[in-house]
Amino acid sequence: MSQPQPLRPFRFGVNLVTPAPSEEWRAKCRRAEELGYDVILVPDHLGMIAPFPALITAAEATERPRLGTFVLNAGFWNPTLLAREVATTDALTGGRLELGLGTGYVQAEHDTAGLPWGSPRERVDHLTRTVEELERLLGSADHQPQPVQKPRVPLLIGGNGDRVLRLTAEHADIAAFTGARTVPDSPTGTLAPITAEELEERVATYRRLAADRKEPAELNLLIQMVVITEDRRATVQEWLPLVPHLTEQQILELPIILVGPLERIVEQVREQRERYGFSYLTVLEPYMEAFGPVIEALRGE
């Protein structure tokens, strides 16, 4: 089991994945703020919203939440051009940006865009170069435009592999775990959940790699399902064919699944912060409303 760490206060984010016209998009962002979300997030996939204009519009529609990418596919981006986007977005959102980066995991998107896919090693190499170049460029007083936040825009890195975890330990303010891995040779990036024990091992690996940090990173987990119900087993039946390597009980124990009565879900979130250190939880847009009562119950903890 990973070593105990001081408990951080909870933060909650929602990843808005569905494109919408201007007023509908602004209304969704305002609703997220009303529900108490601390961070409004957007992904970086073809067929979904473009991240930076969506975040600038979210900033105009809201007052309190921070705004983040969850996560940018580094393979889509030239680091120098990305530095310009990051600095501009941070300036236009009044210093509310949180930058999330990952290697990308959907080969079909790269094929559609005419971009190289590369090996896992090459994708991590590009993510590493991107992180290092962003630090160099945005840390320079000569870079224009300048971001508002100093010493830098907070950096989140998402991924579970050893090399990504090492990069996260060395550079990131927020370590984001998916609770899943890509199915081998899947061009569409199909994900399969890992067990609670496997996730715990990944967190323990990260903690070993980050043992010499002066300030520990915030730990994030992406939640895949939130359903308030009295019948937990019936709710997860749809998952059984999708994850034949897991039993029904193992599915119910997955940290990325929050299913049950409200009181049980609230307790599970507390338990997972104790066990893994996950104080920052992200839910997907379809579960934004369902998670609202959980935020209310945990506010201030």
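1. The lining of the largest pocket in this predicted model is made up of 22 nonpolar, 15 polar and 10 charged residues. The volume of this pocket comes to about 1,300 Å³. Of its 47 lining residues, those closest to the centre are Thr 103, Gly 104, Tyr 105, Thr 182 and Leu 191.

2. Several helices and strands each give two or more residues to this lining. The helices are H4 (107-113), H5 (120-138), H6 (162-171) and H7 (196-209). The strands are E4 (72-73), E7 (174-177) and E8 (180-182).

3. Helix H6 deserves a separate remark. Its buried residues are Val 164, Leu 165, Leu 167, Thr 168, Ala 169 and His 171. The cover over these buried residues includes H5, H7, E7 and strand E6 (155-158). H5, H7 and E7 also appear among the elements that give two or more residues to the pocket lining.

4. Ala 87 is a residue of helix H3, which spans residues 79-92. Is Ala 87 buried or exposed? Its relative accessible area is 0%, and because the limit for a buried residue is under 20%, Ala 87 counts as buried.

5. Apart from neighbours within four places in sequence, Ala 87 is in contact with Leu 138, His 143, Pro 145, Gln 146 and Pro 147. Of these contacts, Leu 138 falls within the residue range of H5 (120-138).

6. A longer distance can be given for the same residue. Ala 87 and Ser 279 are 192 residues apart along the chain, and their C-alpha atoms are separated by 27 Å.

Note on methods: Residues are numbered from 1 along each chain as its sequence is written. This is a predicted model: local features need pLDDT of at least 70, side-chain atom pairs count only at pLDDT 80 or more; totals for chains, interfaces and linings use all residues. Side-chain values use heavy atoms; hydrogens and water are left out. On a 1 Å grid over the protein atoms alone, a cavity is a set of points where a 1.4 Å probe fits but cannot get out, and a pocket is an open set with protein on both sides within 12 Å along at least five of seven lines; lining residues have an atom within 4 Å of a point. Grid points are joined across faces, edges and corners, and a volume is the space filled by probe spheres set on the points. Helices (H or I, at least four residues) and strands (E, at least two) are DSSP runs, numbered from the N terminus. Ala, Val, Leu, Ile, Met, Phe, Trp, Tyr, Cys and Pro count as nonpolar, Asp, Glu, Lys and Arg as charged, and the others, Gly among them, as polar. Buried means under 20% relative accessible area, exposed over 50%, partly exposed in between (1.4 Å probe, protein chains only). Contact means heavy atoms within 4.5 Å.
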